[in-house]
Amino acid sequence: MNNYTDIKKPIFIWDQVKNTQKSNKFNYLQTYIRNFTKLFYGGIMKAIETFNERKEELLEVLFDLLRIPSITKNTSDVKKAANWLIERLRKTADYTEKIDTKGNPVVIAEWKAQQAQQEPQEELTLLIYGHYDVQPPEPLDKWLSPPFEPEIRDGRIYARGVGDNKGQFFAHLAAIEILHERKELPINVKMILDGEEELGSVNIEEALMKKKEFFEGIDLVIVSDGPADPSWKPTLEFGVRGITTVRLELISADGDVHSGNFGGIQPNPVWDLIFILATMKDDTGKCLIKGFYDDVFTPDEPAVEAANKLNRTEEQYSKQLGINYFGGEQDQPLTHRVMFRPTFNIRGIQSGGVKSEAKTIVPSSAVVEIDVRLVPNQEPDKVNQLINNHLEELKKRSDRWNKVIERLTVSYEASFYPLYTPLGLKWTSILEKALKEGFEEEPVKQPIAGGSLPLYPLYKLTGKPFYVIPFANPDEDNHAPNENLMVSWFEKGVKTSIHIITELGKS
Ligand SMILES: [Zn+2]
């Protein structure tokens, strides 16, 4: 049934009877009647009804996709998943394409708006990002059911990739398909499905550059990935921290030696690495690298307010993590430490042997890896340069320091920029409302999620506001055995997406 023709009638009659010239006021009234009628006689409620009728069938389709083990490095299975997606998208989309890259393909699709919006306003274009590659499932013996044979137990779908990220983008796809089938898609919707997110989307920029015109005219970008806020409330995220990773490897001698025979002569690289690390951070949690905090943004009032409202307490964190003292910058509130402030974290250190591998030696090498979580407006390359500058400065301390640093190998791994959309834009209230309707619960606003997403190239190319709206339960166990998505959360995701798309059509 096409609601549009139904609701046009009374407006037409009204027009005849009153013989009114179209004034702004009249336009407003027309829009009001149309929206009012749609709300009660069709639109969102009918679309949700359609979803409820088709739920089982849509879950079966999702299960088909979950059965393809598209682990990022299994290129043939990833291709199979890409082809599966193209076939599915073709059923409804006006345009689909599989863009080949040096790595895995990127799949794109576009649906044109089916209903005229209030002229002369142009139709909005929403871009939805998702990824169809998945993490390896190991250790297999920890899974209660095989990772690529999806099954529902206790209201949860268990499968590798169901939360991260197939089930989440599929919720959007289901919403689009339903609105499209009902000829009620009020805005243009574009979708981009990445095949390499789990390895840092290293080739996405190549795909974006090949298809620049596809990314023109976009108004906002939505990503549904990661778990919702630990409070289990529906979550609207406005940004993510960035990351850069550095490895410091110190090889100070040709080989390990007897700690008695050569102890006191051969330099110990563990001690020297500790000396280096101690120049980088103090015991109040402050990073001592010159310029490290120079670009760190100051969150505005709405962001601070939203962070405070998350109401995360010391007690909660202590209980959740089993801790009785805290890391990070001691002079910063806890919530700020996890979203507004950068970290300088040692993620691992290795040298010699302990416990069953203990030997009385002077080890010849030591390695430490540091990950730095970046906040707006820090840039990974700039932070890497600051670390290099710091090490150069250390050389000046003495001839010995100079020689230690000379033998140090410094390497940087792939990095991601931080992303941040201010909370004051008009989209905030629309998305908040959609989440509230879809989840039937007041959402929380998380100004910046602690983790990172490799989406800066997409942000740079579109230049548009970016929102993360997770549809996965907080205990989805992504990247771990028994990854799951609650069926009810999937349903709420579909409903939220229907609300988002419909509400955007009214904006
Ligand atoms: Zn992931």
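1. Let me start with the pairing around β6. In this predicted model, strand β2 (residues 106-111) runs antiparallel to β6, and five bridges link the two. If you want a spot to centre your view on, try Ala-109, which sits opposite Met-191 of β6.

2. Strand β3 (residues 125-131) also pairs with β6, here in the parallel sense and over seven bridges. Leu-127 is a handy marker for this pairing, as it stands opposite Lys-190 in β6.

3. How many residues of strand β6 (residues 188-194) are buried? Seven of the seven are, so the strand is largely enclosed by the rest of the structure. Burial here means that 20 or more other C-beta atoms lie within 10 Å of a residue's own. Both faces of β6 are covered: one side carries Asn-188, Lys-190, Ile-192 and Asp-194, the other Val-189, Met-191 and Leu-193, and all of these are buried. Do look at Lys-190 and Asp-194 while you are there, as they belong to the buried set on one side of β6.

4. Next comes a small topic of its own, the sheet with β19. Three strands make up this open sheet, in the order β4-β5-β19, with antiparallel pairing. β4 (151-153) and β19 (484-486) are the edge strands, and each has a single partner, so one side of each is left without a neighbour in the sheet. From one strand to the next, the twist averages 30°.

5. Within that sheet, β4 and strand β5 (residues 156-158) run antiparallel and are joined by three bridges. Arg-153 has Arg-156 in β5 as its bridge partner. Helix α5 packs on the sheet, where it touches β5 and β19, and its direction makes about 45° with that of β19. Helix α15 (residues 487-506) lies across β4, β5 and β19, and runs at about 65° to β19.

6. Helix α5 deserves a second look for its backbone. The peptide bond between Asp-164 and Asn-165 is cis, with omega about 10°, and Asn-165 is found in α5 itself (residues 162-181). A cis bond also leads from Pro-376 to Asn-377, with omega near 0°. Where does Asn-377 lie? Its place is in the loop between β14 (365-374) and α11 (380-395). I would happily go through both bonds with you on screen.

7. On to the helix pair that begins with α11. Its axis and that of helix α12 (residues 399-406) come within 7 Å and cross at roughly 140°. The two helices are therefore oblique to each other. On the α11 side, Leu-391, Leu-394 and Lys-395 meet Trp-401, Asn-402 and Ile-405 of α12. By class, this contact has four nonpolar, one polar and one charged residues.

8. Finally, two positive phi values. Asn-311 is not a glycine, yet its phi is positive, at about 55°; you will find it in the loop between α8 (301-309) and α9 (314-321). Is Asn-311 buried or exposed? Asn-311 is exposed, with 10 other C-beta atoms within 10 Å. Lys-355, likewise no glycine, has a positive phi of about 50°. Lys-355 belongs to the loop between β12 (345-350) and β13 (361-362). With 5 other C-beta atoms within 10 Å, Lys-355 is exposed.

Terms used
Residues numbered from 1 in each chain as written. Predicted model: local features only at pLDDT ≥ 70, side-chain atom pairs only at ≥ 80, totals over all residues. Helix = DSSP H or I, 4+ residues; strand = E, 2+ residues; numbered from the N terminus. Buried ≥ 20, exposed ≤ 12 C-beta atoms within 10 Å, placed from the backbone. Pairing = 2+ DSSP bridges. Axes fitted to C-alpha atoms, helices over the stretch in contact; angles between N-to-C directions. Contact = placed C-beta atoms within 7 Å. Parallel < 35°, antiparallel > 145°, perpendicular 65-115°, else oblique. Nonpolar A, V, L, I, M, F, W, Y, C, P; charged D, E, K, R; others polar.
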